[in-house]
Amino acid sequence: MRAAIRSEWTKLWTTRTVWWALLGAFVLMAAAAGQNAIYVENGDVTTASVAVMSVTIAQLAFVALAMLVMTGEYSAGTIRATLSWIPSRGRLLSAKIAVVSAVTLVTGVAVGLLGGVIASAIVDDSGSIAGDAFKIGIYLVLLGALATGLGAALRGPVVTLVVLLMTIVVIPPLLQLPDIAVLNGIADAFPGVAGGHFLYGDADPYPPLVGLLILAGWAALAVAAGWQVLTRRDA
Amino acid sequence: MSITLEKLTKRYGPTLAVDGLDLAVRPGRVTGFLGPNGAGKSTTMRMVLGLDRPTSGRALVGGRAYDSYKWPLREMGALLEAKAVHPGRTGRNHLLAMARSNAVPDRRVDEVLAVVGLTDVARRRSGTHSLGMGQRLGIAGALLADPPVLMLDEPVNGLDPDGVRWIRGLLRDLAAEGRTVFVSSHLLSEMQMTADHLVVIGHGKLLADAPMTEIMGGHATLEDAYYELTGSAA
């Protein structure tokens with residue numbers, strides 16, 4: 001397992017994808033935090049943490065990176081080589097998730113702190129940052145595992161990204177728009193919304209910890225699906 | 001160590017791509033793997049690597065399934081498609097990741113790069129490589145963990161005359177060292193000069209598994225012998 005992780009770690013840092021994704025994460029966070037902080041300062045929005053609000057935008061860069069670590073193997077045609085080095089599908093998928101998680105946790109916390117710093121420069125009382133930044137890191141790690149697993153299940157980068165965007169960005173707000181209890185309830189079961197309840201520390205409709213567990217459940221489901229497809233389908 | 005196929009069969013829908021192959025590829029000689037396009041050569045090689053699951057039967061390397069080894073690259077080195085390298089990654093970094101996946105020391109990377117003559121270009125992104133360089137990089141990967149078995153799909157593809165000659169010598173040397181060398185090719189004249197033993201398949205079925213001399217029989221060239229075997233002669 002250590003060898004598989006070393007190999008995947010080497011692969012991650014030897015293409016430009018990772019640098020663009022991480023740069024994207026910081027830029028998106030800075031832009032979103034600046035904008036949200038101005039809204040908060042103007043009294044248009046009343047939320048404790050600007051950083052948490054801004055993750056909605058910055059998370060897209062993390063999701064893109066995570067899903068590319070898996071789908072890039074198919075689009076670049078390297079999956080057969082990779083599987084001939086590490087034939088155990090479980091070991092390969094675990095190594096990829098471990099590498100994505102490590103990078104996402106460190107960068108996710110850093111991005112969260114950046115959002116906090118920008119917010120505190122604009123908003124007088126921006127609240128504590130460190131705790132939220134750590135929660136952002138955890139949230140992004142689970143989202144990254146979901147994206148990696150889904151990438152293994154679907155293989156194509158485009159279809160994977162579309163499904164992820166629909167699930168995280170597009171469908172939940174559409175469900176919430178009419179503000180009907182049933183539809184809100186369905187939206188609350190979506191991974192992004194559940195993760196949002198965890199990040200905001202909402203007590204309603206369920207405690208924050210339940211939000212985290214729902215997101216973790218989706219991630220586990222996606223990883224299981226990815227592992228199944230990797231094991232059963234020809235490479 | 002040998003590569004052994006036992007009633008190896010692969011079905012894609014109604015098509016039998018590989019039809020009950022029984023075969024043992026032995027060490028110490030170069031075994032050529034011949035057959036028309038679509039005969040099932042690449043499918044067979046993918047099943048040996050555990051990339052495609054056989055519909056029935058087994059493909060074994062050293063008596064075990066390739067994907068059951070903890071460090072498979074140390075048992076068998078393989079070249080499938082030459083362009084199996086991320087175009088944005090340098091050849092050297094590709095080999096480094098490969099070495100680390102099987103706990104092979106990093107210094108082996110520079111050793112095999114020297115063997116295949118890529119030392120000077122290995123720090124360029126592989127998207128800039130020619131097809132011939134891609135082949136050499138793939139062969140470097142196959143040699144990386146110094147395996148007793150080598151399986152190469154069309155290694156001569158895209159190589160210039162110098163490269164073709166180089167690989168002929170390399171394959172003969174590897175076999176002389178007692179390794180198992182299993183090579184597919186379309187270039188019959190090249191195979192005639194390289195292989196000691198031939199395996200010929202058509203429509204997924206074994207047509208011949210015999211020493212070169214026996215297959216050549218009274219024919220002037222391997223090409224003549226091949227067309228008689230596969231029945232696709234003009």
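The paragraphs below lead through a predicted model, taking chain A and then chain B, each from its overall build down to a helix pair and a single residue.

Chain A is built from helices, since its secondary structure comes to 10 helices and 0 strands, and reading along the sequence accordingly gives the pattern α-α-α-α-α-α-α-α-α-α. The C-alpha atoms of chain A occupy a box of roughly 55 × 40 × 25 Å when the principal axes are used as the frame. For 235 residues a compact globule would be expected to have a radius of gyration near 18 Å, and the 18 Å found for chain A agrees with that expectation. Of the 235 residues in chain A, 51% are buried, and among the contacts that join residues at least 6 apart in sequence, 72% link residues at least 24 apart.

Within chain A, one helix pair can be followed in detail. Helix α2 (residues 17–41) of chain A and helix α3 (residues 50–75) of chain A have axes that come within 7 Å and cross at roughly 165°. Because angles over 145 degrees count as roughly antiparallel, this crossing makes α2(A) roughly antiparallel to α3(A). The handedness of the crossing between α2(A) and α3(A) is right-handed, and the residues that form the contact of α2(A) with α3(A) divide into 20 nonpolar, 4 polar and no charged.

Helix α3 of chain A also holds A:Gln59, which offers a view of how this helix is placed relative to other parts of the sequence. With a relative accessible area of 4%, A:Gln59 falls under the 20% cut-off and is therefore buried. Leaving aside residues up to four places away in sequence, A:Gln59 touches A:Tyr139, A:Leu140, A:Leu143 and A:Ile168.

Chain B has another make-up, with 8 helices and 9 strands. Its radius of gyration is 17 Å, close to the 17 Å that the globule rule gives for 234 residues, so chain B is as compact as a globular protein of that length. Along the principal axes, the C-alpha trace of chain B spans about 45 × 40 × 35 Å. Buried residues account for 55% of the 234 residues in chain B, while 68% of the contacts in chain B with a separation of 6 or more come from residues 24 or more positions apart.

In chain B, the pair to follow consists of helix α2 (residues 91–101) and helix α4 (residues 131–143), whose axes come within 10 Å and cross at roughly 20°. Since angles under 35 degrees count as roughly parallel, α2(B) and α4(B) are roughly parallel to each other, and α2(B) passes α4(B) in a right-handed crossing. On the side of α2(B) the contact is made by B:Gly91, B:His94, B:Leu95 and B:Met98, and on the side of α4(B) by B:Leu137, B:Ala140 and B:Gly141. Sorted by character, the residues of this contact of α2(B) with α4(B) divide into 4 nonpolar, 3 polar and no charged.

The same helix α2 of chain B contains B:Asn93, and this residue leads back to chain A. B:Asn93 is partly exposed, with a relative accessible area of 21%. Residues up to four places away in sequence being left out, B:Asn93 touches A:Thr10 and A:Thr14. Within chain B, B:Asn93 and B:Arg125 are 32 residues apart in sequence, and their C-alpha atoms are 9.2 Å apart in space.

Notes. Residues are numbered from 1 along each chain as its sequence is written. Chains are lettered from A and ligands numbered from 1 in the order in which they are written. This is a predicted model: local features need pLDDT of at least 70, side-chain atom pairs count only at pLDDT 80 or more; totals for chains, interfaces and linings use all residues. Side-chain values use heavy atoms; hydrogens and water are left out. Axes are lines fitted to C-alpha atoms, for helices over the stretch in contact, and angles run from 0 to 180 degrees between N-to-C directions. Helices (H or I, at least four residues) and strands (E, at least two) are DSSP runs, numbered from the N terminus. Angles under 35 degrees count as roughly parallel, over 145 as roughly antiparallel, 65 to 115 as roughly perpendicular and the rest as oblique. A crossing is left-handed if the near helix is turned anticlockwise from the far one by less than a right angle, and right-handed if clockwise. Ala, Val, Leu, Ile, Met, Phe, Trp, Tyr, Cys and Pro count as nonpolar, Asp, Glu, Lys and Arg as charged, and the others, Gly among them, as polar. Buried means under 20% relative accessible area, exposed over 50%, partly exposed in between (1.4 Å probe, protein chains only). Contact means heavy atoms within 4.5 Å. The radius of gyration is taken over C-alpha atoms; the globule rule is 2.2 Å times the number of residues to the power 0.38.
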